[in-house]
Structure formats: structure tokens, C-alpha cells
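Student: Could we go through a structure together? I'd like to learn where the words people use for it come from.

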Amino acid sequence: MSPYAAATLVVKELFTVHNAESEEVWYKYNNIVDIMKAAGYKTFWLSNQESSGVWGNFARSLAERSDKYQFVEKRDSRDNGGVDGKLLPIISETIANEQADKNFYIIHLLGCHQKYSWRYPEEFDKFSADDIEKDISEEKKKEIAEYENAVLYNDYIVNYIIEQFRNLKEDTLIIYLSDHGEEVYDLLDMASHSGDVESSSMYEIPVMIWGSNKFKKNHADKWENIKNSVDRPYMTDDMIHTVLDIAEIETADYDETRSLTNPRFDTSRKRIINASDDKNRNEYYHGMK
């Protein structure tokens, strides 16, 4: 699950050692880009998100630390942005021409972010209001259908990315996750995400780990640990520990009990949402509204 229902807040937790229990501000903690570079990886940040702006500057500050960073276009946080398909040629060309012996990619998609009808091309307009069997207005049914089309297109994008890495000579592991979820007339009468009005739909997110055949063969023990972690309760503010664990990188900040795939993972850790303000810390519980 996600620690926040807003991307700009998730980024500072997802890519750094900072988490809900941290005492200092997020930028005083080590980040995944610097660590991977120090460990000898060539680092890439490829993004279809905004290149700057009130909601994009956190990500931009980390992107600029990479060996190569590239945004599909220069735009501010308040611009709509285009479909993620525009990023695919950049990914393919980078893999084909700029690989080193060890590579670490962060690929930042727009995914299914509202407004949903902006997130997919016409050929993925498969669902309509007629497909939605809920007792709500036609306009709301239409918005749900647009969200489902966005999910369908996002599946296509993720599959394309996996295929680009499938047959590389290097061991390859891909971790896919959403920064946050969307409430789309499921538990609340709204279609969006917000830290002020909360539902479990905004916080319960997918986390998927894909490994190439070479990775599974060469690291059978790690793959077994990954498979054993499927049902563990997890919050993505600890994702950096999982990455470091799998990559066998130890730093002073690394904590094996925070790594999802480690046998010593602490399943009893409280998952706390909206922890940026000490007065607004909420222990997460499944099915919240």
C-alpha cells in the first residue's frame, strides 16, 4: 500500500530511506539514485511526468542525480501531459544504445492519473457507460469506463516495457507499482485521489515483481524469497530496502526487516498514512472509507 494519496508526497518516501517513523525531513536521508551510482550502476530516470512545477520538483530533484534523465516533454505540473506511449521510443532507444554492465532504471509513467480520458489513445477506447452495472448517473458510469480504458492501456505499456528487458544478456528484475490509487465511485461518491478525503482505494496499490529467466536461473534463492513475499503486509515507503536487499547492497541505512523479500521482514510494522504532520498520523486499516 501507499503512504500517501498524492504522487509528490510518495516520491520522497519511495526513493529515499525516509519513512513514517523518520525524525528528519526527507531530503536529509540517502536516496536510491545516489546509492546505486555508488554501487557501480549506471542510473536512468525516464519520465512522462511533468519536468518541473509544484507537484513535480521532488521527482525532478532526484532525476537530475541520475547519469541520464529525460522527460518526454518540458511541462509544468498544471499541464495535462500526454499518453505514456510517447515514452516507449525513449525507453527502447536507451536500452539499445546506452546500457552499461550494471544498469538501474526508474521509469515514471502517468498511468491512470485523472483525467482518465487523457490517459489512453483512441484505439483503447474499449469500455463505455453501457458496460458499467452500477446504480449511478450516466456521467459517472462514463468516467468509470474511461478509468477502465486507462487501466487497459497501462497494462499494455507495462507489458511493452517488460518485453524490452526480457532478452537482455544481463539478469533483469522489474518492480512495478503505483504511487497511489484512485477512488472511482467505489467507496466514495468521487473520482479522484485526495489526502483530505480518504478511502482504501487511494492507498491499496499493486506491487508486481517480474524476473527474467536468467535472473530466476542465476538467483533461484532470491526468486524464492520474492515468491514467498506475496501475501505480506507492506507499505512502499520501505521500497528502497527491498531494492538494496535484492541487489545485495548494504549501507548504514539498510534494514533487512524492512525488505519485503527478506525472510526477516517485520510483518508487524504499523502502516501509517499521511505521516507528514505529527498531528495527522493515521494507522491504516483494511477497508477504510
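Here are some questions and answers on the terms used for this model.

Tutor: One thing before we start: this is a predicted model. Ask away!

Student: Why is the pair Tyr-116 and Tyr-147 called edge-to-face?

Tutor: Check two values. The ring centres lie 5.1 Å apart, and rings pair if their centres lie within 6.5 Å. The planes meet at 70°, and over 60 degrees counts as edge-to-face. So the name fits Tyr-116 and Tyr-147. A search of the whole structure turns up 12 aromatic pairs. Aromatic residues can form a cluster too: Trp-26, Tyr-27 and Phe-58 make one.

Student: What makes the Tyr-116 and Tyr-147 pair a tie between parts of the chain?

Tutor: Look at where each one sits. Tyr-116 is in the loop between strand E3 (103–108) and helix H5 (138–165), while Tyr-147 is in helix H5. These parts are 31 residues apart in sequence, so the pair ties them together.

Student: Is Tyr-116 buried or exposed, and what about Tyr-147?

Tutor: The cut-off for buried is under 20% relative accessible area. Tyr-116 has 1%, so Tyr-116 is buried. Tyr-147 has 22%, and a value between 20% and 50% is called partly exposed. That is the label for Tyr-147.

Student: Which residue here counts as exposed, and how do you know?

Tutor: Take Asn-167, in the loop between H5 and strand E4 (173–177). Its relative accessibility is 67%, and exposed means over 50%, so Asn-167 counts as exposed. The C-alpha atoms of Asn-167 and Ser-212 are separated by 7.6 Å, although the two residues are 45 apart along the chain.

Student: What makes E2 and E3 the edge strands of their sheet?

Tutor: The sheet is open and has 3 strands in the order E2-E1-E3, with parallel pairing. Strand E2 (68–71) and E3 each pair on one side only, and that earns them the name. From one strand to the next the twist averages 10°.

Student: How do you know that E1 pairs with E2 and with E3?

Tutor: Two strands pair if there are at least two bridges between them. Strand E1 (residues 42–47) is joined to E2 by 4 bridges, and E1 and E3 share 6. Both pairings pass the test. For instance, Ser-47 has Phe-71 in E2 as its bridge partner, and Leu-46 has Ile-107 in E3.

Student: Why is E3 described as mostly covered?

Tutor: Of its 6 residues, 5 are buried. Take His-108, which is found in strand E3. Its relative accessible area is 15%, and the cut-off is under 20%, so His-108 is buried. Among the residues that His-108 touches are Trp-45, Leu-46, Ser-47 and Leu-87.

Student: What covers the buried residues of H4?

Tutor: The cover includes E1, E2, E3 and H5. The buried residues of helix H4 (residues 88–97) include Leu-88, Ile-91 and Ile-95.

Student: Which residues have the most contacts inside the largest nonpolar core?

Tutor: That core has 32 residues, and those with the most contacts inside it include Phe-15, Ile-32, Trp-45 and Phe-104. Ile-32 touches Phe-15, Phe-104, Ile-106, Ile-240, Val-243 and Leu-244, leaving out residues up to four places away in sequence. There is also a second, separate core of 24 residues, including Phe-44 and Tyr-176.

Conventions
Residues are numbered from 1 along each chain as its sequence is written. This is a predicted model: local features need pLDDT of at least 70, side-chain atom pairs count only at pLDDT 80 or more; totals for chains, interfaces and linings use all residues. Side-chain values use heavy atoms; hydrogens and water are left out. Rings of Phe, Tyr and Trp (its six-membered ring) pair if their centres lie within 6.5 Å; planes under 30 degrees apart count as stacked, over 60 as edge-to-face and the rest as tilted. Helices (H or I, at least four residues) and strands (E, at least two) are DSSP runs, numbered from the N terminus. Buried means under 20% relative accessible area, exposed over 50%, partly exposed in between (1.4 Å probe, protein chains only). Axes are lines fitted to C-alpha atoms, for helices over the stretch in contact, and angles run from 0 to 180 degrees between N-to-C directions. A nonpolar core is a set of buried Ala, Val, Leu, Ile, Met, Phe, Trp, Tyr and Cys residues joined through side-chain atoms within 4.5 Å. Contact means heavy atoms within 4.5 Å.
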